[in-house]
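The exercises below ask you to work through a predicted model, with the sequence and coordinates open beside the text. Each task is followed by a solution that proceeds step by step.

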Amino acid sequence: RPSTMNVLHFTSIGDSMPLDAQWTNSFKLFNQHREQIAVIPPFKKMMMKNGADSQTTRRNHLLFVLLVFAHALYDVVDATDLNYPNATIASISFGSCHKVKYGRPGLWPQILSSRSTSTSTSAAATSKQQQQQPAPPQVFLWTGDSIYPPVRGIASVEMLQREYQRMKTNNTIGYGKFVQENDIQVLGSWDDHDYGANDYGAFLPHKMERKRAFWDFLDIDVTDSMQQRQGAYFSVTLGSEEGRQVKIISLDTRWHRDNHCIPSVAADTRVPLGAGLACLTRWLSVGLFPHWCSHQVENATVLGQEQWDWLEEELLTSTADINIVISSIQVLSTNPAMEGWGHYPQERRKFLKLLSQTRGALVLSGDVHYGEILNPAAHLVEDGGGDNTFLEVTSSGLTHSCTKGLFGMMCVPLLNWFHKHRWTFDARYENRNFGQIDIDWEHEQMTVSVHDAATGNQVLTTGPRSLHQYNNWTAQELDGVVQCMNGHLINVAAGVVAIVVACLLIFLSCMSLSSNTNKSKRKQL
């Protein structure tokens with residue numbers, strides 16, 4: 001793959017060196033980068049067969065080096081579904097969770113005119129940027145819930161199509177004008193509501209028809225392989241110039257996703273306040289019974305094997321400088337009340353390992369009705385540790401936020417309680433928001449920011465970050481990432497039980513004392 005090719009350079013293979021010296025030098029390089037080479041699919045079985053030590057024959061070692069060379073040449077062509085080589089991308093907006101009935105006419109103009117405060121550490125570049133009128137974003141990415149069907153339970157395909165059409169044609173909302181008049185390419189992923197039912201996963205009917213309706217809404221080119229897939233996942237590569245290429249990978253976290261350890265009742269019309277009850281059961285299950293819950297989802301999947309194989313190939317063969325991965329649900333969050341990868345610890349670990357092997361990776365997510373910057377290495381360094389690793393940025397609530405509604409009073413306390421995954425403690429925003437990515441190719445930096453949806457003001461930012469971030473995490477580093485399924489309520493529950501038992505003992509003691517007193521009085525009489 002390209003990252004391996006860049007490391008090896010193949011400078012050890014030359015006519016001026018004796019054959020045995022060439023082999024020796026190549027073999028040293030191979031062993032030095034064995035872990036990186038081992039992730040390339042053709043070598044997995046070979047590496048397992050020959051073992052982790054260096055006890056194979058010289059002939060097999062030389063064969064390995066030649067295969068690495070051949071594979072690197074073969075993979076110069078990036079695996080991608082859609083390719084737009086003439087586009088040089090400098091500005092991308094993103095957002096999620098849009099209810100038509102809450103739609104506001106000022107939202108989309110704000111997205112058109114908002115940019116990060118600075119995309120470069122250069123003072124001259126910052127001054128120049130402030131003087132320029134911001135250009136419209138070239139791409140808008142949906143990170144889930146582009147519509148909300150007006151029904152509790154399972155929405156029909158026809159209902160989804162009507163809601164998509166409302167989004168495109170309602171002049172008060174202005175989404176259609178935003179896309180068409182500014183020639184903006186729309187891409188992205190669905191989540192549960194535009195999939196068709198709250199919290200649903202693999203067991204929703206008519207998934208192929210739902211996928212076609214969603215892709216019609218995005219108005220994207222659909223290849224034969226995309227059409228035949230079991231899932232609404234795809235990839236797009238923008239740009240061909242070396243050093244200025246962006247790849248967008250849109251995942252489907254619904255089609256194959258198995259149930260949580262306690263299945264959600266959010267879409268069950270027979271259960272009152274089902275969404276709130278689903279949040280509570282998720283929280284209690286991972287907070288009180290982490291071992292049981294982990295066992296229940298041990299073989300569960302989020303993506304399905306076919307999508308996993310596709311994702312590995314997309315990331316490990318990517319030639320892009322920036323690899324943006326859209327996951328509609330949060331990957332790094334420790335908030336157990338919300339849906340997320342944290343409820344599937346084995347799947348999340350696999351995903352994090354893959355992201356750590358990807359150059360210039362950035363994860364975008366939605367779903368939760370607040371904005372947030374998440375860092376997998378936040379536990380290592382205070383105040384924004386992990387400068388050399390990828391980040392996750394959540395923008396959610398284009399039209400509504402977590403502070404509203406029946407459970408609004410719980411939003412801020414939950415965000416204060418579950419913060420260890422966050423870039424900094426304050427790297428969150430509870431009101432309506434959208435996201436923005438600004439790329440400074442000249443200085444090889446990008447800035448990801450979250451903006452208030454009403455004013456356009458920047459409320460969160462990663463600051464300028466180098467495009468050359470790459471960490472191939474070890475098993476120990478993966479173990480250190482803060483977990484969602486951690487039994488954090490066990491001590492709380494034990495304390496509550498202790499208090500209840502103590503109160504009960506005090507009550508019984510008082511009753512016994514009262515009874516003895518009464519008996520003593522009767523004897524005196």
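## Exercise 1: Strand E9 and its partners

Strand E9 (residues 371–374) and strand E10 (residues 391–394) run antiparallel and are joined by three bridges.

Task: Determine which residues stand opposite Glu 372 in E10 and in E11, and establish which residues of E9 lie on each of its faces.

Solution. Begin with the pairing to E10, where the residue opposite Glu 372 is Thr 394. Next, turn to strand E11 (residues 428–429), which pairs with E9 in the antiparallel sense over two bridges; within E11, Arg 428 is the bridge partner of Glu 372. Finally, sort the residues of E9 by side: Gly 371 and Ile 373 belong to one face, Glu 372 and Leu 374 belong to the other, and all of these are buried, leaving both faces covered.

## Exercise 2: Strand E12

Task: Find out how many residues of strand E12 (residues 433–440) are buried, then describe the strands with which E12 pairs.

Solution. Counting along the strand, eight of the eight residues of E12 are buried. Sorting them by face places Asn 433, Gly 435, Ile 437 and Ile 439 on one side, with Phe 434, Gln 436, Asp 438 and Asp 440 on the other.

For the pairing, strand E2 (residues 91–95) is joined to E12 in the antiparallel sense over four bridges, and in this pair Phe 94 stands opposite Gly 435. Strand E13 (residues 445–452) likewise runs antiparallel to E12, the two being joined by eight bridges, with Asp 440 standing opposite Gln 445. E12 and E13 form a hairpin with four residues between them, and in the turn Glu 444 has a positive phi of about 55 degrees.

## Exercise 3: The nonpolar cores

Task: Identify the residues that touch the most other members of the largest nonpolar core, and list the contacts of Trp 108 beyond its sequence neighbours.

Solution. The largest nonpolar core holds 67 residues, and those touching the most other members are Trp 108, Leu 141, Trp 142, Tyr 175, Ile 324 and Ile 437. Helix H11 (residues 207–218) supplies the largest share of this core, namely five residues. A second core, separate from that one, comprises 34 residues, among them Trp 310, Leu 332, Leu 374 and Val 481; Leu 374 has already appeared as a buried residue of E9.

When residues up to four places away in sequence are set aside, Trp 108 touches His 98, Phe 140, Trp 142, Met 167, Ile 173, Gly 174, Tyr 175, Phe 178 and Leu 398.

## Exercise 4: Helices H8 and H11, and Gln 110

Task: Decide whether H8 is roughly parallel or roughly antiparallel to H11, and state whether Gln 110 is buried or exposed.

Solution. Helix H8 (residues 157–169) packs on H11 at an angle of about 5 degrees, and the axes are 10 Å apart. Because angles under 35 degrees count as roughly parallel, H8 is roughly parallel to H11. On the H8 side the contact is made by Val 157, Leu 160, Gln 161, Tyr 164, Met 167 and Lys 168, and on the H11 side by Glu 209, Arg 210, Ala 213, Phe 214, Asp 216 and Phe 217.

Gln 110 is found in helix H6 (residues 107–113). Its relative accessibility is 18%, so Gln 110 counts as buried, the cut-off being under 20%. Apart from neighbours within four places in sequence, Gln 110 is in contact with Phe 434, Ala 453, Ala 454, Thr 455 and Gly 456.

## Exercise 5: The cysteines

Task: Work out how many disulfides the structure holds, and explain why the one between Cys 261 and Cys 293 is called left-handed.

Solution. The structure holds two disulfides, which follow the pattern 1-2, 3-4 when bonded cysteines are counted along the chain. One joins Cys 261 to Cys 293, with an S to S distance of 1.8 Å; this disulfide is left-handed because the torsion about its S-S bond is about -60 degrees. Cys 261 lies in the loop between strand E6 (246–250) and helix H13 (274–288), whereas Cys 293 lies in helix H14 (residues 290–296), so the pair ties together parts that are 32 residues apart in sequence. Both Cys 261 and Cys 293 are buried.

The other disulfide is formed by Cys 402 and Cys 411, whose sulfur atoms are 1.8 Å apart, and these two cysteines are buried as well. Turning to accessibility elsewhere, Cys 97 counts as buried at 0% relative accessibility, while Cys 279, at 22%, counts as partly exposed.

Conventions:
Residues are numbered from 1 along each chain as its sequence is written. This is a predicted model: local features need pLDDT of at least 70, side-chain atom pairs count only at pLDDT 80 or more; totals for chains, interfaces and linings use all residues. Side-chain values use heavy atoms; hydrogens and water are left out. A nonpolar core is a set of buried Ala, Val, Leu, Ile, Met, Phe, Trp, Tyr and Cys residues joined through side-chain atoms within 4.5 Å. Buried means under 20% relative accessible area, exposed over 50%, partly exposed in between (1.4 Å probe, protein chains only). Contact means heavy atoms within 4.5 Å. Two strands pair if DSSP finds at least two bridges between them. A disulfide is a pair of cysteine sulfur atoms within 2.5 Å. Axes are lines fitted to C-alpha atoms, for helices over the stretch in contact, and angles run from 0 to 180 degrees between N-to-C directions. Angles under 35 degrees count as roughly parallel, over 145 as roughly antiparallel, 65 to 115 as roughly perpendicular and the rest as oblique.
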